[in-house]
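User: Please take a close look at a single strand of this structure. I would like one connected account of its surroundings and of the confidence that can be placed in the model.

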Amino acid sequence: MSSRQERGGLRDRWRPRETGRGLRVVPPGERRRPADAGAAPAPSAARQATGTPCWLSLTTRDVRAAERFYGRVLGWCHVPLLGSPGRARSLLLKDGAPVGTISGTTRDLGVHAGWLPYFAVGDVDDAVARLHERGATVAVGPLSGDAGRVAVVAGPEDAVFGVRQQAPDARWTVGEGPVARLELCTRDVFAAALFYGGVLGWGSGRPGCCAVEYVDERIVVRDGPRTAAVLRGGTAPGTGGRHRWHACFRVADVDAALAAALAEGGRVITPPVGPRHRRQAVLTDREGIPFTVVAD
């Protein structure tokens with residue numbers, strides 16, 4: 001079967017039918033061993049459906065400046081976490097709900113500054129082996145920590161993402177709360193779906209795996225009734241024509257978030273569009289890292 005025929009079959013197959021333990025916060029003055037020191041997975045941490053997003057992290061050159069920016073623009077607060085010596089790290093929260101972690105970039109990690117999504121897999125080492133078979137580049141790991149094994153990978157078109165054994169905080173979710181959705185901007189949505197489906201089990205029909213639908217020229221990945229991720233054609237906004245994973249966050253007032261971002265040194269990539277209840281805009285933070293704000 002040709003590549004074009006395979007994509008056509010996927011389009012028909014995916015066409016819609018009618019029908020734990022939280023991250024450990026370190027109080028001031030308390031010293032503990034680093035989280036990546038080989039600790040066993042937390043037995044009480046929740047396990048998501050295989051292949052669903054299970055965490056977000058932001059790597060940035062200036063953690064303190066980023067904490068101030070997102071606090072003033074999106075209303076997030078932050079709590080310091082234990083990290084490597086000389087590397088600041090915090091947990092980001094919105095009204096008590098976890099958004100993700102923020103940490104400083106270091107050359108040894110080999111990870112670009114920006115928002116990084118993680119996906120839940122049953123066995124990280126097995127997932128990394130499948131990624132190697134598909135030509136992906138493993139940038140970090142696999143490593144062990146309090147929430148199990150983790151690895152960071154560059155997939156097709158160098159889109160960076162991570163795989164985790166389980167979420168570091170059982171309260172985290174996408175599609176509900178502060179994280180509205182995750183999008184992959186790619187040159188070929190069907191080729192990307194084949195790649196991620198082979199690693200993450202999307203559309204496999206196996207129990208506990210995400211379902212896949214083809215809707216309005218996009219591939220929508222669903223965890224039950226929730227939209228877990230969206231794959232769409234094109235380049236990620238604000239990335240200079242590159243193909244990347246892109247994070248979208250809920251705000252009470254899109255226009256107010258835009259004004260605050262400009263006041264804090266950010267930029268507007270796409271001005272607000274859409275009716276009031278679906279209004280959204282693409283912004284960047286002080287370092288040029290793009291993200292979308294959508295009306296809550």
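Analyst: Two strands are taken to pair if DSSP finds at least two bridges between them. With that in hand, the part chosen here is strand β9, which covers residues 179–186, and what follows describes a predicted model.

Confidence comes before detail. The chain averages a pLDDT of 80, and 80% of its residues score at least 70. Among the elements of the chain, helix α5 (residues 254–263) has the highest mean pLDDT, 96, whereas helix α1 (residues 3–13) has the lowest, 51. Over residues 15–47 the pLDDT stays under 50, and for this stretch the model has 64 contacts beyond four places in sequence.

Turning to the strand itself, β9 is largely enclosed by the rest of the structure, because 7 of its 8 residues are buried. Two of its pairings can be described. With strand β13 (residues 245–251), β9 runs antiparallel and is joined by 5 bridges; within this pairing, L182 has A247 as its bridge partner. With strand β12 (residues 226–233), by contrast, β9 pairs in the parallel sense, over 4 bridges. Two of the residue pairs on this side are L184 with L231 and C185 with R232.

C185 deserves a separate word. Its relative accessible area is 0%, so it counts as buried. The closest cysteine sulfur to that of C185 belongs to C248 and lies 8.4 Å away, which is too far for a bond. The structure as a whole holds 0 disulfides. Another cysteine, C77, has a relative accessibility of 40% and therefore counts as partly exposed.

On the β12 side, A229 helps to show how the strands are arranged. A229 is found in β12 and, at 1% relative accessibility, counts as buried. A229 and L182 of β9 are 47 residues apart in sequence, yet their C-alpha atoms are 5.0 Å apart in space. Apart from neighbours within four places in sequence, A229 is in contact with L182, I219, V220, V221 and W245.

That list of contacts leads on to strand β11 (residues 218–223), which runs antiparallel to β12 and is joined to it by 5 bridges. In this pairing V221 stands opposite A229. β11 and β12 form a hairpin with 2 residues between the strands, and in it G224 takes a positive phi near 65 degrees. β12 is thus paired with β9 in the parallel sense and with β11 in the antiparallel one.

W245, one of the residues in contact with A229, also appears in the wider packing. The largest nonpolar core has 76 residues, and those with the most contacts inside it are Y70, W115, Y196, W202, W245 and F249. Helix α4 (residues 189–200) gives the most to this core, with 8 residues. As for Y70, its contacts outside its neighbours within four places in sequence are L58, G75, W76, W115, D285, I289 and F291.

In sum, β9 is a largely enclosed strand, joined to β13 by 5 antiparallel bridges and to β12 by 4 parallel ones.

Notes: Residues are numbered from 1 along each chain as its sequence is written. This is a predicted model: local features need pLDDT of at least 70, side-chain atom pairs count only at pLDDT 80 or more; totals for chains, interfaces and linings use all residues. Side-chain values use heavy atoms; hydrogens and water are left out. Buried means under 20% relative accessible area, exposed over 50%, partly exposed in between (1.4 Å probe, protein chains only). pLDDT is the predictor's confidence in each residue, from 0 to 100. Contact means heavy atoms within 4.5 Å. A disulfide is a pair of cysteine sulfur atoms within 2.5 Å. A nonpolar core is a set of buried Ala, Val, Leu, Ile, Met, Phe, Trp, Tyr and Cys residues joined through side-chain atoms within 4.5 Å.
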